[in-house]
Structure formats: C-alpha cells, structure tokens
Amino acid sequence: MGARGNNRTGIILHMERLNPDKLPRHVAVIMDGNGRWAKKKGLTRIAGHQKGIDSVRDVVRTSRDLGIQWLTLYAFSEENWKRPKHEVKALMNILDRFLKSERKEMLDNGIRLTCIGQTEKLPPEVQRTLWQTIELTSHNKDMTLTLALSYGGRKEILNAVRTMLNDLHTGILREKQITEDRFAKYLYTANMPDPDLLIRTSGEYRISNFLLWQIAYTEIYITPIFWPDFHKERYLEALLDYQKRERRFGSIGEQLEGQAQG
C-alpha cells in the first residue's frame with residue numbers, strides 16, 4: 001500500500017476514534033516550519049509558504065466537516081515584518097491570492113472570515129481584499145475562521161490597557177467595573193471564546209507572542225511536523241490527543257467527577 005493509501009486508512013481510523021461530543025469549540029494554530037520544510041527539500045522559503053496553503057485548506061475543511069466552530073490561524077506576526085523585504089512581499093501576495101481563491105468555498109460552506117491584529121500595516125491592496133472577503137462572508141454562521149495578521153499578543157494587551165484607561169478618564173468605565181471579563185472585551189478577540197486547543201507545528205516549545213491572555217487555560221499540542229506536512233491525518237491526531245486530556249481549570253479530577261454525577 002502506498003503512502004496515500006496509508007494516509008487514507010489512518011484518517012478513517014482517527015475519524016472512528018474521535019468523540020464528536022468532546023471536540024474543542026475553538027482551535028488556534030501556530031503554523032510554523034514552512035522555511036525549514038523548504039530548506040530540507042532544496043527549495044526556496046517562498047515555495048515553503050506556498051505549500052503551506054495546502055495545509056491551511058486541509059485544516060479549515062476538516063474543522064468545518066467536524067463542526068468545530070472557531071479556528072484561529074497565526075498567519076503573520078508583528079515580528080514577521082523584520083523578514084527580508086522580498087519574503088514579506090511574497091507572503092502578502094500569497095495572502096491576497098488565498099483570500100480571493102477561498103471566497104467561494106467559504107460562502108458555500110457557511111464559513112465567516114474575521115481577522116485580528118494591526119491590519120492597517122498591511123499593503124492597501126491586501127487590506128481591500130481582506131475587508132471585501134470579511135464583508136462577503138459576514139452573514140455565514142457555521143464556522144468562524146480568524147486570521148491573525150500583523151498580530152502580537154503584547155501589543156494587543158497594551159492597546160487594550162490604553163483604551164481602558166481612556167474610558168476611565170472619560171467616565172465611560174469606573175474602576176470597580178474592571179474585571180477579567182471586562183478587560184477581555186477590550187482585546188481583539190472580544191467576541192470570541194478562548195481557545196480550547198493550541199497547536200504548534202515544527203517542534204518549537206514557545207508561544208511566540210500569540211494570544212497571551214486568551215490561552216491561560218488552553219491545552220497545548222506541539223508536533224515536530226513542519227506546517228506544509230500537517231495535513232488532515234496529523235490534525236486528527238492532535239484532536240485525539242486533546243480528547244485524552246482532563247480539563248480541570250484549577251479543580252481536581254474528583255471534583256469534576258462529582259459535578260458530572262450531580
């Protein structure tokens with residue numbers, strides 16, 4: 001049996017083992033390893049980024065098929081602007097093409113596109129394509145795909161603090177009203193649930209300034225697989241691993257058992 005046949009068998013087995021009642025509501029992904037994947041194959045870094053789009057499609061389609069409601073992809077970090085200009089330009093072109101090419105699929109499958117980050121830093125033509133796609137899909141309700149673009153977790157928190165301080169000074173907000181829930185409403189993710197599962201590819205054990213506030217109780221799954229090789233079977237493996245976890249949120253297992261029995 002060839003590799004494709006093995007993959008198909010693995011996918012079927014994983015699907016059979018998944019418990020549809022224990023799927024994460026919100027999955028966030030740090031898509032890492034495009035450049036190293038390309039280097040191993042003697043290709044350019046740009047080729048790695050282009051190949052990574054196939055994995056994006058796989059993860060989006062699988063999430064939609066499984067009924068996962070929220071998927072957030074770390075597509076371009078605030079720090080990525082420091083990369084060589086030709087690579088940044090290529091990444092912006094890839095993003096622009098992706099947004100245009102996926103519109104029909106998003107519309108056909110009830111997928112709403114949103115974004116978080118300092119999108120005003122994106123090239124004007126990419127901003128136009130982004131906001132056009134967001135507007136076109138705004139009425140879709142089956143799944144929300146969020147792209148983190150020019151995103152940095154620390155900058156997000158600082159911006160939230162500045163806005164909150166301004167509301168305090170103008171009387172819109174009073175000090176006694178400041179709670180964790182109220183603060184969360186000042187973040188880019190104000191209308192989103194916190195991620196249940198964070199996946200990082202390429203084997204790096206760091207968060208890379210991604211959703212720092214939101215992942216306080218998120219389960220983290222790290223795989224050595226480079227992003228261009230992270231297809232449906234690998235995604236299902238991550239979901240299966242998640243389903244083995246006991247999410248206690250500070251409680252102990254016996255307390256959760258008692259709540260379930262009650």
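Is Arg245 buried, partly exposed or exposed, and what is its relative accessibility? In this predicted model, Arg245 has a relative accessibility of 28% and therefore counts as partly exposed. Its salt-bridge partner is Asp241, with the closest N and O atoms 2.6 Å apart, and Asp241 is likewise partly exposed, at a relative accessible area of 23%.

## Salt bridges and a shared network

A search of the whole structure finds 17 salt bridges. Among them is the one between Asp32 and Arg200, in which the closest N and O atoms are 2.9 Å apart. Asp32 belongs to the loop between β1 (26–30) and α2 (34–40), whereas Arg200 belongs to strand β5 (residues 197–200), so this pair ties together parts that are 168 residues apart in sequence. Both partners are withdrawn from the surface by the accessibility criterion: Asp32 is buried, with a relative accessible area of 16%, and Arg200 is buried, with a relative accessible area of 4%.

Another salt bridge joins Glu204 to Arg206, the closest N and O atoms being 3.0 Å apart. Here Glu204 counts as partly exposed at 22% relative accessibility, which places this residue just above the 20% limit under which a residue is called buried, while Arg206 is partly exposed with a relative accessible area of 46%. Returning to the salt bridge between Arg245 and Asp241, whose closest N and O atoms are 2.6 Å apart, one may add that shared partners elsewhere join Asp32, Arg36, Arg200, Glu204 and Arg206 into one network.

## The nonpolar cores

The largest nonpolar core has 45 residues, and those with the most contacts inside it are Val27, Leu71, Leu73, Leu145, Ile199, Tyr235 and Leu239. Helix α4 (residues 85–101) gives the most to this core, with 7 residues. Apart from it lies another core, of 10 residues, which includes Ala28, Tyr151, Leu198 and Ile215.

Which residues are in contact with Ile199, once its neighbours within four places in sequence are left aside? They are Val27, Ala28, Val29, Ile30, Tyr221, Phe230, Tyr235 and Ala238. Of these, Val27 and Tyr235 are also listed, together with Ile199, among the residues with the most contacts inside the largest core, whereas Ala28 is named in the core of 10 residues.

## Helices α6 and α9

Helix α6 (residues 124–136) has 13 residues, which at 1.5 Å a residue should span 18 Å, and its end C-alpha atoms are indeed 18 Å apart. Its buried residues are Val126, Thr129, Leu130, Thr133 and Ile134. Seen down the axis of α6, these buried residues fall within an arc of 130 degrees, so they line one face of the helix. An α-helix has 3.6 residues a turn, so residues three or four places apart point the same way. The face of α6 turned away from the buried side carries the exposed residues Pro124, Arg128 and Glu135, and what covers the buried residues includes α4, α5 (103–108), β3 (111–116) and β4 (143–151).

Helix α9 (residues 232–244) also has 13 residues, and it reaches 19 Å from its first C-alpha to its last, close to the 18 Å expected at 1.5 Å a residue. The buried residues of α9 are Glu233, Tyr235, Leu236, Ala238, Leu239, Leu240, Tyr242 and Gln243. Two of them, Tyr235 and Leu239, are listed among the residues with the most contacts inside the largest core, and Tyr235 and Ala238 are in contact with Ile199.

## Aromatic pairs

A search of the whole structure finds 8 aromatic pairs. One of them, between Tyr151 and Tyr188, is edge-to-face, at 6.0 Å centre to centre and with 65 degrees between the planes. Tyr151 lies in strand β4 and Tyr188 in the loop between α8 (180–184) and β5, so the pair ties together parts that are 37 residues apart in sequence. Tyr151 is buried, with a relative accessible area of 0%, whereas Tyr188 is partly exposed, with a relative accessible area of 29%.

Phe183 and Trp213 form an aromatic pair that is tilted, with 4.7 Å centre to centre and 50 degrees between the planes. This pair links distant parts of the chain, with Phe183 in helix α8 and Trp213 in the loop between β5 and β6 (219–222), 30 residues apart. Phe183 counts as buried at 9% relative accessibility, while Trp213 counts as partly exposed at 32%. Ring pairs also link Tyr74, Tyr151, Tyr188 and Phe210 into a cluster.

Terms used:
Residues numbered from 1 in each chain as written. Predicted model: local features only at pLDDT ≥ 70, side-chain atom pairs only at ≥ 80, totals over all residues. Heavy atoms only, no water. Core = buried A, V, L, I, M, F, W, Y, C linked by side-chain atoms within 4.5 Å. Buried < 20%, exposed > 50% of the residue type's maximum accessible area, 1.4 Å probe, protein only. Helix = DSSP H or I, 4+ residues; strand = E, 2+ residues; numbered from the N terminus. Contact = heavy atoms within 4.5 Å. Salt bridge = Lys/Arg side-chain N within 4 Å of Asp/Glu carboxyl O. Expected span 1.5 Å × (residues − 1). Arc of directions from axis to C-beta. Phe/Tyr/Trp six-rings, centres within 6.5 Å; stacked < 30°, edge-to-face > 60°.
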